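User: Hi! Could you walk me through this structure? I'm new to it.

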Amino acid sequence: MTTSADEGQFLNMLLKLINAKNTMEIGVYTGYSLLATALALPDDGKIFAMDINRENYELGLPVIQKAGVAHKIDFKEGPAMPVLDELVQDEKNHGSFDFIFVDADKDNYLNYHKRLIELVKVGGLIGYDNTLWNGSVVAPPDAPLRKYVRYYRDFVLELNKALAVDPRIEICMLPVGDGITHCRRLK
């Protein structure tokens, strides 16, 4: 359930390349991608991190603290959707994030995208994790899949199709980890 090591390395390098300073993460789990992000940001960089489970976040917190980057993280426990709605309502938040990483409830990815596109700056990136969803997105409809894989597959497929035709972004889907799709906001 955690971000793979190769994906963490990739995110770290990507954030350095785009000079990210203000970021958001939806779905933290134990914080490996959060750590990779925090290590890439400048000392005054910020990550607004949200997850429904503080206990999981606190499992990884000692490593984040040992790395000396805990001061960059503002963690909020609870569902992300109400927080995003609140952020979108305040126009000062529009275009304020350089990078947003989403690795949370797959059935809300498309709902997240509708809000995040307002919050990421033009030229900024939104990264959606698990967009290959165990390879199920290319499997035939009658393929034998685990129950949870089959359940979320349609949501991931719906997101992938929507991103492919969204004129506000350009995308790059990479087979890193379980698939990550980066969306660069164009307008």
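Analyst: Happy to; we can talk about charged residues and salt bridges here. This is a predicted model, where local features need pLDDT of at least 70, side-chain atom pairs count only at pLDDT 80 or more, and totals for chains, interfaces and linings use all residues. Residues are numbered from 1 along each chain as its sequence is written, and side-chain values use heavy atoms, leaving out hydrogens and water.

User: How many salt bridges does a search of the whole structure find?

Analyst: The search finds seven, a salt bridge being a side-chain nitrogen of Lys or Arg within 4 Å of a carboxyl oxygen of Asp or Glu. One of them joins Lys121 and Asp98 at 3.1 Å, N to O.

User: Which strands do Lys121 and Asp98 lie in?

Analyst: Lys121 is in β5 (residues 120-129) and Asp98 in β4 (residues 97-102), so the pair ties together parts 23 residues apart in sequence. Strands here are DSSP runs (E, at least two residues), numbered from the N terminus.

User: Is Asp98 buried or exposed?

Analyst: Asp98 is buried, at 11% relative accessible area, while Lys121 is partly exposed at 31%. Buried means under 20%, exposed over 50%, and partly exposed in between (1.4 Å probe, protein chains only).

User: What about Lys106 and Asp103?

Analyst: Their side chains also meet in a salt bridge, at 3.1 Å, N to O, and both Lys106 and Asp103 are buried.

User: New topic: what is the nearest side chain of opposite charge to Lys72?

Analyst: That is Asp43, 5.1 Å away; Lys72 is buried yet has no salt bridge. The Lys72 side chain does reach the backbone oxygen of Pro42, at 3.4 Å.

Notes
Lys and Arg count as positive and Asp and Glu as negative; His and the chain ends are not counted. A polar contact is a pair of N or O atoms within 3.5 Å; within protein, one must be able to donate a hydrogen and the other to accept it, and residues adjacent in sequence count only if both atoms are side-chain atoms. Helices (H or I, at least four residues) and strands (E, at least two) are DSSP runs, numbered from the N terminus.
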